[in-house]
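User: I am new to this structure and would like a close look at a single part of it. Please take the small sheet and what surrounds it, and explain how the pieces fit together.

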Amino acid sequence: MSNFNLITTNGAARAGELTTAHGIIPTPVFMPVGSQATVKTLVPDEIRALEAPIILSNTYHLYLRPGVDIIKKLGGLHRFMDWNGAILTDSGGYQVFSLSALSTVSDEGVAFRSHIDGSSHFITPEKAVALQEGFGSDIAMVLDEPSPSDAPSGKVREAMERTHRWAERCLTAHQRNDQQLFAIVQGGFDRSMRRCSVEFLSSLDFPGYAIGGLSLGEPKELTWEMVRHTTQYLPSRKPRYLMGVGSPEDLIEAVGLGVDMMDCVLPTRVARNGALFTRRGRININNAAFREQGAPIEESCDCYTCTHFSAAYVSHLFHAQELLAYRLATIHNLRFMVRLMQDIRTAILSGAFDSFRQQFMSDYRITDEEVRIAQKQKWIKARKPEID
RNA sequence: GUGGGUGUAGCCCAGAGGCCUAAGGCGUCAGGUUGUGGCCCUGAAGAUCGAGGGUUCGAAUCCCUCCACCCACC
């Protein structure tokens, strides 16, 4: 029996159901991030109210603090944080490279220093699996090695091949049958390497596949080219998870390319800085214009924040740096993302994905073109040494 | 009233004859954040340096007068 039921497709876009030990998850789905066993500022009842069926947590952070033994002793991650929905744990591969500059990779595993106290640690693929089995997450990720966006192709291939060997070892080590282990495709920004990665990992019959190593500052067009290229070779009957992406417009784009699952810190992180999503685009609640707005952030939004408070009140809380500001903004942005995915799914099921996408994109004011160009040039500049 | 101190952007302040076209922080105004540190990063606006006079090639800076505020003593 398969864990994933592909209900329908609409072009490349897909609607399905992913069965986990903690519920059936309608896909496509957006997973709020709760790295340290908490979706920052929210209690589980509030996450439930968002209608988020699954959240993401993080092996790296939980391993360092409070440690797997404590979580195990207290009944596993679900009980520890009182969340009875599904949980996906990231393996920590990404954090080792992004958070800690002092890490060294070998075939055996990765040695790194804690960003908290500087202590030394060593994680092997087997240990990454054991940790996640200890946490008891519903979906575990293999230990992978993402490549920095400026890595030369030799290094990218090396990291990809190591990721493949680690994936095999994770699969062998994995034991819990109430937990699914997903593989992670790497291969940088090279089409042939991406394809190579997909084909190798597909042969190992994982219950799900993630696309890693993207959205690292590269131009959007390149991100989507890689996603399109990757999903076309992935097995259609398995869920596809695009890691670490993205913004509201990214959700639509990715689903349109055949992605089923996504997670991103963006909605929660920018929320804490006053950036709020609406169907007409992103706003900054700190802007002077909102100081006197009696209407909510978005009239048509059904979130707790918008059904209880004016934009002026939220604006006041931000200017006063009140803790409630972060909570209300987080609730709004996450509900926006979850609801957007729900609407996308409804559109796919009724065969109207394309028109939904067109309508959304024409309503939604995307990041200024100037900013995008500046980011692109910055990325090109960073890679220049390799080109020379 | 006498003695002392302080006056530089909305607020706190750096500067002590020329590198001042006056620095920094907070605040204000606007951007950014993509497998999470509520951090942080980037821009912008905003100052006839309390007022007036003088010395000097040159004054926020030295001198004089006045004004305001603070402290102490009457």
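Analyst: The model is predicted. In it, 3 strands make up an open sheet with antiparallel pairing, and their order is S1-S2-S3. The edges are strand S1 (4-10) and strand S3 (23-27), each of which pairs on one side only. From one strand to the next, the twist averages 10°.

S1 and strand S2 (residues 13-20) run antiparallel and are joined by 6 bridges. One residue pair can be picked out here: Thr-8 has Ala-15 in S2 as its bridge partner.

A helix belongs in this picture too. H14 lies across S1, S2 and S3, and H14 runs at about 115° to S2.

From H14 the view opens onto the nonpolar core. The largest nonpolar core has 102 residues, and Val-142, Phe-182 and Ala-210 are those with the most contacts inside it. Helix H14 (residues 323-349) gives the most to this core, contributing 14 residues. Because domain 1 (4-264) and domain 2 (271-369) both give residues to this core, the core lies between them. As background, nonpolar side chains tend to be buried together in soluble globular proteins.

Phe-182 shows what the contacts look like at one position. Leaving out residues up to four places away in sequence, Phe-182 touches Ile-139, Met-141 and Val-142, as well as Phe-206, Pro-207, Gly-208, Tyr-209, Ala-210 and Tyr-241. Val-142 and Ala-210 are thus named twice: among the partners of Phe-182, and beside Phe-182 among the residues with the most contacts inside the core.

Note on methods: Residues are numbered from 1 along each chain as its sequence is written. Chains are lettered from A and ligands numbered from 1 in the order in which they are written. This is a predicted model: local features need pLDDT of at least 70, side-chain atom pairs count only at pLDDT 80 or more; totals for chains, interfaces and linings use all residues. A nonpolar core is a set of buried Ala, Val, Leu, Ile, Met, Phe, Trp, Tyr and Cys residues joined through C-beta atoms within 7 Å. A residue is buried if 20 or more other C-beta atoms lie within 10 Å of its own, exposed if 12 or fewer, and partly exposed in between; C-beta atoms are placed from the backbone. Helices (H or I, at least four residues) and strands (E, at least two) are DSSP runs, numbered from the N terminus. Domain bounds come from an automatic or database domain assignment. Two residues are in contact if their C-beta atoms, placed from the backbone, lie within 7 Å. Two strands pair if DSSP finds at least two bridges between them. Axes are lines fitted to C-alpha atoms, for helices over the stretch in contact, and angles run from 0 to 180 degrees between N-to-C directions.
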